[in-house]
Each structure stands twice: as structure tokens, then as C-alpha cells.
Amino acid sequence: MSTILIFLIVMVAISVIGFKFKLPPFFTLVGGAIAFGLMIGSSPDTVFQQVALGCASIFNSLGIPILAGSVIAKYLAEQGLIQQIVSDLRTLLKRPPTLSGIAGYLIAVPSTCPITAFIILTPVIEFFTSDERKRSLLIYLVAIGSVLGVAYVYPTPVTYTLFDAFAPDYSPLIYNLVAIPLSLLFVGSMIWYVRRQCDFADITHEQIGYKREEGSFHLRAWAPFLVIFLAIPVGYLLLGLTHAGLLQFIMLAGMATAVITAKQEVRWSGWVLGAKHGGVVIFDICGAGALGYIIQQSSFPADASILLATSLPIFLFPFVLAALIQTAQGSRIVTSYLTAQVLATTVIPSMLNPLALFLMIIGGAGLICFVTDPYFWLLHRTTGDDVKTVFKRYTVPQILFGIVTYLCALLIQFLMPVR
């Protein structure tokens, strides 16, 4: 049986089984890896060894950053420091929609997981207003902001995976100079849309859940983020770290800062809660590592390249492949990793500008965030909105953002082709 057909069967099975039986992604992804390996004719011993190697490769690169992000987020939440961060942001971002979208964006990047940012920010946002429609719209802004932060900004598990697979020496500064303004443009468009839907002038400063002292700045709340930011030039200029080493260094530095500055009574509980949440996230992604490794070791990349030459234009293939994988299993991090693994052994990366390739995959990964996306159902439960409303306010904007991102990638490829 063709590896392409087997791949499609496995992707459909992961989607249907995960959605119908509500299984954790680790089980569906590892199960898909085992099924793919056996269906292409590998021996059981080879399959299970490859599953272990694939899981290990993910844990090796992303285990510490994801643990650090989760621990930082939990320490902040346990001490009420998220309210202080929101309070500080309110001095700059006066309007609640702007505050909600930007807070989601900023908190998600160092926490490395959009759902983590959403969970710790939602209780704060719910203080803003008793009007259910206004509160619901603000919650969507937090969700969109957090998703875009993790999907576009380097270094997060989504973007780091692409750098590691395709262009380890590519400048993160150049990438972020394009990706951050583009993602903030998307956040801003959502903020503009929400502000047109409702008047938020009745929401006062005190309704953020923490009364700000005039002139104060909550340094302890911001300390982990400031250290992460300052650790970047230290890692590059003084220590000469590679992308892989830099990510470990800055996230360890941020986590150490969160632990050191935490109150003694929450140091153990914050660690336990952060490690518990981080473990769930990392093992789900390890499942993607297992599937990606088995696919990479098969003839699928070569078969897909042959199919590409006779069907899709080369500039469309990364975008479509990412969209298909995202539709099947719902996680952008998983999509980024699997797409990178499939494309890495083909000639496609060498024919595209790295920045354009990154944006093509990121755009495809955000194209269909629907029934297999756990964030979709989290919003459905949190807001109480029906599926149609969640689709309109969460999925449709991301379809538009994905298409615009892909068009930007095409423009970059046209203006700066690989020579």
C-alpha cells in the first residue's frame, strides 16, 4: 500500500478517534505511529524502538522550555501576580479589548502554551464586566492573542521546531522583525472588530481584580519575563550559544527567577502544579515526535516529493501539508513538528527562502482550528456559546490570518528567492 495513502488513513483515524472518544493526544499520536509503522511493513521491534527515539528527540529539545514555561505561569498564578501584570498593562492599554488581546499575547510566549495563558488570564478577565456578551468577546480576544503569540514569536515550540529543522543559523531577529508585527496586526484587527461590537466604556480600572497603587510597578511579577529577555543577548554575545542552547538557557533562567522570587509557602505547590501541567503538554508533543520520526524514517517524504512534482506547486505544498495535519489532530505545536519532519528530507526547503517557508507552515497550521482543536472546545465550555458562534469568533479569524500569512510568505519568496 502507498505510504501516502497510509499517511492519509492514519491522519483521518487520529482525527476521528480523538474526537469521538476524547482520547488524550498522546494515545492517538503514538497509536498512529505504531499503526503507520506496521502498515508500511516495519517489524514490531523496529516500530517500538522508533517510537521511543521519536519521543526522546522531542523531550531532548523541548522538555525544559515547556516545563519552565508552565512553572513560571503557575508561580505567577499562585501568588496573584497575573493580576499585577494586567494592572501594569492597564496603565498603557486603557481599553479592555486591547488589554485582553495583548495580555494573552504576552503571557503566552514565555509560558510556551496558549492554553496555559488562557487558563491563568480568564479568571482575571471575568472580573471586567458582568455583561455576558462583553465578557465572552474579551475571552475570545485572550484566546486569539495567546494562540498568535505562541504560533508566530520566536522562541516558542512552534517556531523553534522550524528553525531547528530547516535553518539553524537563520537570524531570529530578522524572523521576529517580520513575524511579530504581522501577528500584532492580526491581534489588532481582532481588537478593532470587538470594539465595534460593544461599548466597553463602562468597565472601570478597579474591575481588573487588583487595585493598583498609583505610580507602582510590580517588578516581581515581571521578573521572569525580564530575565528571559535579557538572557537572549547574554546567550548570543557572551556565551555564543546556538538556537538549541539558547532556548534551554533563557527558559532555565526565567524559571530560576520565578523560583527565587516566589514566596516560600508557594515554592513547592507552584513547582508541582507547573510540572504536572508541563508534563501533560510535553508528553502530548512527544506523541507527535513518535509519529514524525516513524514517518521520516519511511519512504513517505520521497513519495510525497514525487506526488508534489505532478500535482501541487512547490510554493503551495508546505501550506497544504500543514493545514491537513492541523485539521487531523488540532495542535499547532504538533503540526509544526510533523510538517518539519516530513519536509526536512525533501528538496523543498532548499528551494524556498527560510522565512517564507516558516510563514507558509505557520499559516497552514492556523488554517483549520475546528473540531480537533482542544482550544475550540475549551472556548465552547468557557463562554457557553454554541458551536456556530465559536466557529465564527475563533475559527474564521484564524482562517483569514492563515491565508494572509501565506500570501505574505509568497511575497517574501518572490522578493527574496533562494539563489
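Analyst: Buried means under 20% relative accessible area, exposed means over 50%, and partly exposed lies in between, with a 1.4 Å probe and protein chains only. This is a predicted model, in which local features need pLDDT of at least 70 and side-chain atom pairs count only at pLDDT 80 or more, while totals for chains, interfaces and linings use all residues. Residues are numbered from 1 along each chain as its sequence is written, and side-chain values use heavy atoms, with hydrogens and water left out.

User: Is S183 buried or exposed?
Analyst: S183 lies in helix α9, which covers residues 172–197, where helices (H or I, at least four residues) and strands (E, at least two) are DSSP runs numbered from the N terminus. Beyond the residues up to four places away in sequence, S183 touches Y105, L148 and Y152, contact being heavy atoms within 4.5 Å. The relative accessible area of S183 is 0%, so this residue counts as buried.

User: How far apart are the C-alpha atoms of S183 and F401?
Analyst: Along the chain, S183 and F401 are 218 residues apart. In space, the separation between their C-alpha atoms is 8.6 Å.

User: Which helix gives the largest share of the largest nonpolar core?
Analyst: A nonpolar core is a set of buried Ala, Val, Leu, Ile, Met, Phe, Trp, Tyr and Cys residues joined through side-chain atoms within 4.5 Å. The largest one here holds 137 residues, and the members that touch the most others are I85, Y175, L291, L379 and Y394. The largest share of this core, 13 residues within the stretch 132–152, comes from helix α7.

User: Which residues does Y394 touch, leaving out those up to four places away in sequence?
Analyst: Y394 is one of the core members that touch the most others. Its partners include C369, D373, Y375, F376 and L379. The remaining residues that Y394 touches are Y140, I144 and V147.

User: At what angle do helix α4 and helix α10 pack?
Analyst: Two packed helices are described by the angle between their axes and the distance between the axes. Axes are lines fitted to C-alpha atoms, for helices over the stretch in contact, and angles run from 0 to 180 degrees between N-to-C directions. For α4 (residues 81–92) and α10 (residues 219–238), the axes are 8 Å apart and the packing angle is about 90 degrees.

User: How is the direction of α4 relative to α10 classed?
Analyst: Angles under 35 degrees count as roughly parallel, those over 145 as roughly antiparallel, those from 65 to 115 as roughly perpendicular, and the rest as oblique. With an angle of about 90 degrees between the two helices, α4 is, relative to α10, roughly perpendicular.

User: How many nonpolar residues are in the contact of α4 with α10?
Analyst: On the α4 side, L81, Q84, I85, D88 and L89 meet R220, A221, W222 and F225 of α10. Ala, Val, Leu, Ile, Met, Phe, Trp, Tyr, Cys and Pro count as nonpolar, Asp, Glu, Lys and Arg as charged, and the others, Gly among them, as polar. By these classes the contact has one polar and two charged residues, and the number of nonpolar residues is six.

User: Which backbone oxygen does the side chain of T257 reach?
Analyst: T257 lies in helix α11, residues 243–261, and is buried because its relative accessible area is 13%. Beyond the residues up to four places away in sequence, T257 touches A223, P224 and V227. A polar contact is a pair of N or O atoms within 3.5 Å; within protein, one must be able to donate a hydrogen and the other to accept it, and residues adjacent in sequence count only if both atoms are side-chain atoms. At 2.8 Å, the side chain of T257 reaches the backbone oxygen of A253.

User: At what distance does the side chain of S336 reach the backbone oxygen of V158?
Analyst: S336 is found in helix α15 (residues 332–344) and is buried, with a relative accessible area of 2%. Away from its sequence neighbours up to four places off, S336 touches V158, T161 and L162. The side chain of S336 reaches the backbone oxygen of V158 at 2.8 Å.

User: Which residue does a cis peptide bond join to Y154?
Analyst: Most residues other than glycine have a negative phi, and most peptide bonds are trans. The partner of Y154 sits in the loop between α7 and α8 (157–166). With omega about 5 degrees, the cis peptide bond joins Y154 to P155.
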